[in-house]
Amino acid sequence: MKYKIFTYGCQMNIHDSEVIAGVLEKAGYEPSETLKDTDVVVLNTCCIRENAERKVYGRIAQLKYFKQRNPNFTIAISGCMVQQPHVVEYISKKLPYVDILFSIKNVNKLPELIEECRRIDSITAALAGNSDLAENLEVKHTSSIKAWVPITYGCNNYCTYCVVPYVRGREVSRLPEDILREVKTLADEGFMEINLLGQNVNSYGKNLDKPFDFPELLRKINEIEGIERIRFITSHPKDLSDELVLAMKECEKVCEHIHLPVQSGSSRILKKMNRHYSREHYIELVNKLKDAIPNISITTDIIVGFPGETEEDFLDTLDLVKTIEFDSAFTFIYSKRIGTPAAQMEDQIDDEIKKERLKRLMELQDSITKRKNNELVGTVQEVLVEGESKNDAQKLSGRTRTNKLVNFVGPKELIGHLADVKITESHTWCLIGEAVN
Ligand code: SF4
């Protein structure tokens, strides 16, 4: 039996798909090359933006063709989309050829669900997740060099535009001993980089019986032999403590990069977003980070066209981008999500205005990214070499400690090692270089 997984959305979903693959392979499934030779397709979905949902529906429509030709072809859907009742209802009514909808918390039952799918009365039967977080599941890592390790699940923040707390549930932290055991095993298996994952890693530990916070977790992981680099994503500014800044500065394995979503440069809009920090507070945090770690790279997420955003609010965002000089930014047009408070707000922004603001923001950020990347030309950077470059088989590819992608000329033996790379050229999305050791 062969399987194929399509993954949409964030790093958490990418990791969840590694677990889905691990569970299926343990049950004897093998990955397939093409849809034609596939028995089970799993769509691991995202609902953060309308566009993500649209892509999933497009894929489901394509799968109908394979289902019609092979009734044993099984379509299973998991991820955030199927945690929304209106989506479940829509799929049940309009897309009856979908076989299984399952909560990622039930991933360990997937092989038996596939076996039984024709006998399950309701295709939503596997959606009710047990509240226990599965530990010790098989994971099929997509890389043998860097690994994703979830430390929290869910979110308690209820930003007014965001659907995540409704679909992923309340925040739960994994036990530190489970995380540390997993990282130790990964180090023993040869993984060099650990990426700690959570919707808000900075609030790690708040619900644990025994106090244990995120800076402490970083310090413990920093002691694990074999791990060369530690990264984490995502950080909420409201929970970024002085202790965390100190831990980042003092732990030599913690990379000089933070992804710190600001979302807007207007304090008024941040309040409407329920973000619990102001523009001034955000700037203060960035200054603390830059003082403690002078070469830190700072990346962010920004939404344009949030309900009620005036031209003045938007100019505040542009001004903040100029002030902070982010290394790069993921920029988005605000997208209405059913069930969120922002979707009910009356002062929705016209699509044309949103598009025009996004264009201005991207132009500004691209010019800053280009300039900052250009400053690295002529320097030597430590790169963790991950493999061959996707776009140029003659080159290797990896990332600097500051999380910049570098494609460079060097011997293949460097794959899986740290290499010194001289930067010779810069682009907006990557740096070009040559190995010097
Ligand atoms: S912190 Fe806000 S934006 Fe991030 S997942 Fe939680 S609710 Fe969504």
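Which residue in β13 stands opposite Thr 300? In this predicted model, the partner of Thr 300 is Ala 329. I shall use that pair as the entry point to the sheet, and then turn to the ligand and to the domains.

Let me begin with the strands. The open sheet is built from three strands, arranged in the order β11-β12-β13, with parallel pairing. β11 and β13 occupy the edges and have a single partner strand each, so one side of each lacks a neighbour in the sheet. On average, and ignoring direction, neighbouring strands here are turned by 10° against each other. As a general reminder, the strands of a sheet pair through backbone hydrogen bonds, in either a parallel or an antiparallel arrangement.

Now to the individual pairings. β11, which covers residues 257–259, joins β12 in the parallel sense over three bridges. β13, spanning residues 328–333, also runs parallel to β12, and that pairing extends over six bridges. Thr 299 of β12 is a useful landmark here: His 259 stands opposite Thr 299, and Thr 299 in turn stands opposite Ser 328 in β13.

How many of the eight residues of β12 are buried? The strand comprises residues 297–304, and eight of its eight residues are buried. Both faces are covered. On one side we find Ser 297, Thr 299, Asp 301 and Ile 303, and on the other Ile 298, Thr 300, Ile 302 and Val 304. Asp 301 is thus among the buried residues of this strand, as is Thr 300, with which I opened.

The connection from β12 to β13 deserves a word. Helix α11, residues 311–324, combines with these two strands to make a β-α-β unit, and the unit is right-handed.

I turn next to the ligand. The residues surrounding the ligand are Cys 155, Asn 157, Tyr 158, Cys 159, Tyr 161, Cys 162, Val 164, Pro 165, Gln 199, His 236 and Arg 275. By character, this shell divides into seven nonpolar residues, three polar ones and one charged. Three cysteines appear in the list, namely Cys 155, Cys 159 and Cys 162.

Finally, the domains. The domain assignment divides the chain into domain 1, residues 2–116, domain 2, residues 146–374, and domain 3, residues 380–435. Between the C-alpha centres of domain 1 and domain 3 the separation is 34 Å.

Technical notes: Residues are numbered from 1 along each chain as its sequence is written. This is a predicted model: local features need pLDDT of at least 70, side-chain atom pairs count only at pLDDT 80 or more; totals for chains, interfaces and linings use all residues. Side-chain values use heavy atoms; hydrogens and water are left out. A residue is near a molecule or strand if one of its heavy atoms lies within 4 Å of it. Ala, Val, Leu, Ile, Met, Phe, Trp, Tyr, Cys and Pro count as nonpolar, Asp, Glu, Lys and Arg as charged, and the others, Gly among them, as polar. Buried means under 20% relative accessible area, exposed over 50%, partly exposed in between (1.4 Å probe, protein chains only). Helices (H or I, at least four residues) and strands (E, at least two) are DSSP runs, numbered from the N terminus. Two strands pair if DSSP finds at least two bridges between them. A crossover is right-handed if, with the strands pointing away from the viewer, the path from the first strand over the helix to the second runs clockwise. Domain bounds come from an automatic or database domain assignment. Axes are lines fitted to C-alpha atoms, for helices over the stretch in contact, and angles run from 0 to 180 degrees between N-to-C directions.
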